[in-house]
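Visitor: I'd like a close look at a single part of this model, the place where two strands meet, and then at how that part sits in its surroundings. Please take it slowly, one neighbour at a time.

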Amino acid sequence: MNIFEIIGPVMVGPSSSHTAGAVRIGFVARNLLGEEVKEAEILLYGSFLATGRGHGTDRALVGGLMGMKPDDYRIPNSIEIAKERGIKLSFGEAILKEGHPNSALLRLKGESGKKLEIIGESLGGGRINIAQIDGIETNFSGENPTLIVHNLDQPGHVSEVTAMLAHKSVNIATMQLYRSGKGGRAVMVVECDQEIPEEGIRWLERVEGILKVTYLKKAEDE
């Protein structure tokens with residue numbers, strides 16, 4: 001346990017789980033989308049749904065989606081700011097199976113038309129977990145440089161990713177593999193010790209059988 005976990009995050013709002021954690025979920029989702037958010041459907045679950053409005057969870061998520069950090073004084077006015085920027089927002093209830101009590105399902109559309117769906121969980125003390133991306137289960141915090149590769153479930157893709165990282169002198173901290181079913185869609189989530197050069201990511205995008213590459217830079221909201 002470090003000092004941050006003991007005293008909690010520097011933040012605007014009454015609750016590290018409902019406010020600071022929610023900001024980080026939005027912040028990481030925006031970075032995963034890789035561009036400005038133009039439409040966001042925000043669906044809340046469990047305690048987020050029951051008490052989120054009083055704790056400012058909705059405003060915290062919207063603030064994070066616009067790149068705000070947990071201590072940003074604009075968070076209480078984030079929904080109004082989003083409307084001024086022409087961001088289309090909608091709110092509702094998430095129907096999840098065995099979801100974490102503090103969960104949000106975000107369906108996003110960026111300025112280029114790019115879409116992303118994630119489920120984020122607030123674990124307390126401002127810590128979060130990204131539990132699902134585009135319908136496939138994941139498990140990462142967003143605190144380290146993270147590469148997410150969507151690919152067809154075929155031999156060779158894992159070695160292509162690891163070879164690229166080795167060529168760029170990037171050390172792998174953790175690697176998680178998920179798939180929808182044998183021969184279907186698969187996802188690699190690779191947390192790294194160093195940032196991945198842009199040319200390595202662009203190379204992966206051109207590899208046959210790789211459907212989508214998302215890169216999350218090291219969290220800058222601490």
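**A strand pair and its surroundings**

Guide: Gly46 stands opposite Asn102 in E3. Please keep in mind that this is a predicted model. The pairing itself links strand E1 (residues 37-46) with strand E3 (residues 102-110): the two run antiparallel and are joined by nine bridges. Packed on the sheet is helix H3 (residues 47-55), which touches E1, E2, E3 and strand E4 (115-124). The direction of H3 makes about 115 degrees with that of E1. Helix H4 (residues 57-65) also lies across E1, E2 and E3, and runs at about 145 degrees to E1.

Now widen the view to the sheet that holds our pair. This open sheet has six strands in the order E2-E1-E3-E4-E5-E6, and its pairing is mixed. Strand E2 (88-93) and strand E6 (136-140) each have a single partner strand, so each edge strand has one side without a neighbour in the sheet. On average, with direction ignored, neighbouring strands here are turned by 20 degrees against each other.

Next, the nonpolar packing. The largest nonpolar core has 37 residues, and Leu32, Leu106, Leu108 and Ile118 touch the most other members. Helix H2 (residues 16-33) gives the most to this core, with seven residues. Setting aside residues up to four places away in sequence, Leu32 touches Lys114, Leu116, Ile118, Ile133, Phe140, Ile148, Thr214 and Leu216. There is also a second, separate core of 16 residues, including Leu165, Val190, Ile201 and Val207.

One of the contacts of Leu32 is Thr214, so let's follow that one. Thr214 is found in strand E10 (residues 210-216). Its relative accessible area is 6%, and it is therefore buried, since the cut-off is under 20%. Apart from neighbours within four places in sequence, Thr214 is in contact with Leu32, Thr146, Leu147 and Ile148.

Following Thr214 brings us to another sheet. This open sheet has four strands in the order E8-E9-E7-E10, with antiparallel pairing. Strand E8 (172-179) and E10 form its edges; each has a single partner strand, so one side of each lacks a neighbour in the sheet. The twist from one strand to the next averages 15 degrees. Within this sheet, strand E7 (residues 146-152) and strand E9 (residues 185-192) pair in the antiparallel sense over seven bridges, and Leu147 stands opposite Val190 in E9. Helix H6 (residues 157-167) packs on this sheet and touches E7, E8, E9 and E10, its direction making about 25 degrees with that of E9. Helix H7 (residues 198-205) lies across E7 and E10 and runs at about 160 degrees to E10.

Finally, step back to the chain. It contains seven helices and ten strands. Its radius of gyration is 17 Å, close to the 17 Å from the globule rule for 222 residues, so the chain is as compact as a globular protein of that length. Along its principal axes, the C-alpha trace spans about 50 × 35 × 35 Å. Buried residues account for 48% of the 222 residues. Of the contacts between residues at least 6 apart in sequence, 66% join residues at least 24 apart.

Key: Residues are numbered from 1 along each chain as its sequence is written. This is a predicted model: local features need pLDDT of at least 70, side-chain atom pairs count only at pLDDT 80 or more; totals for chains, interfaces and linings use all residues. Side-chain values use heavy atoms; hydrogens and water are left out. Two strands pair if DSSP finds at least two bridges between them. Axes are lines fitted to C-alpha atoms, for helices over the stretch in contact, and angles run from 0 to 180 degrees between N-to-C directions. Contact means heavy atoms within 4.5 Å. A nonpolar core is a set of buried Ala, Val, Leu, Ile, Met, Phe, Trp, Tyr and Cys residues joined through side-chain atoms within 4.5 Å. Buried means under 20% relative accessible area, exposed over 50%, partly exposed in between (1.4 Å probe, protein chains only). The radius of gyration is taken over C-alpha atoms; the globule rule is 2.2 Å times the number of residues to the power 0.38.
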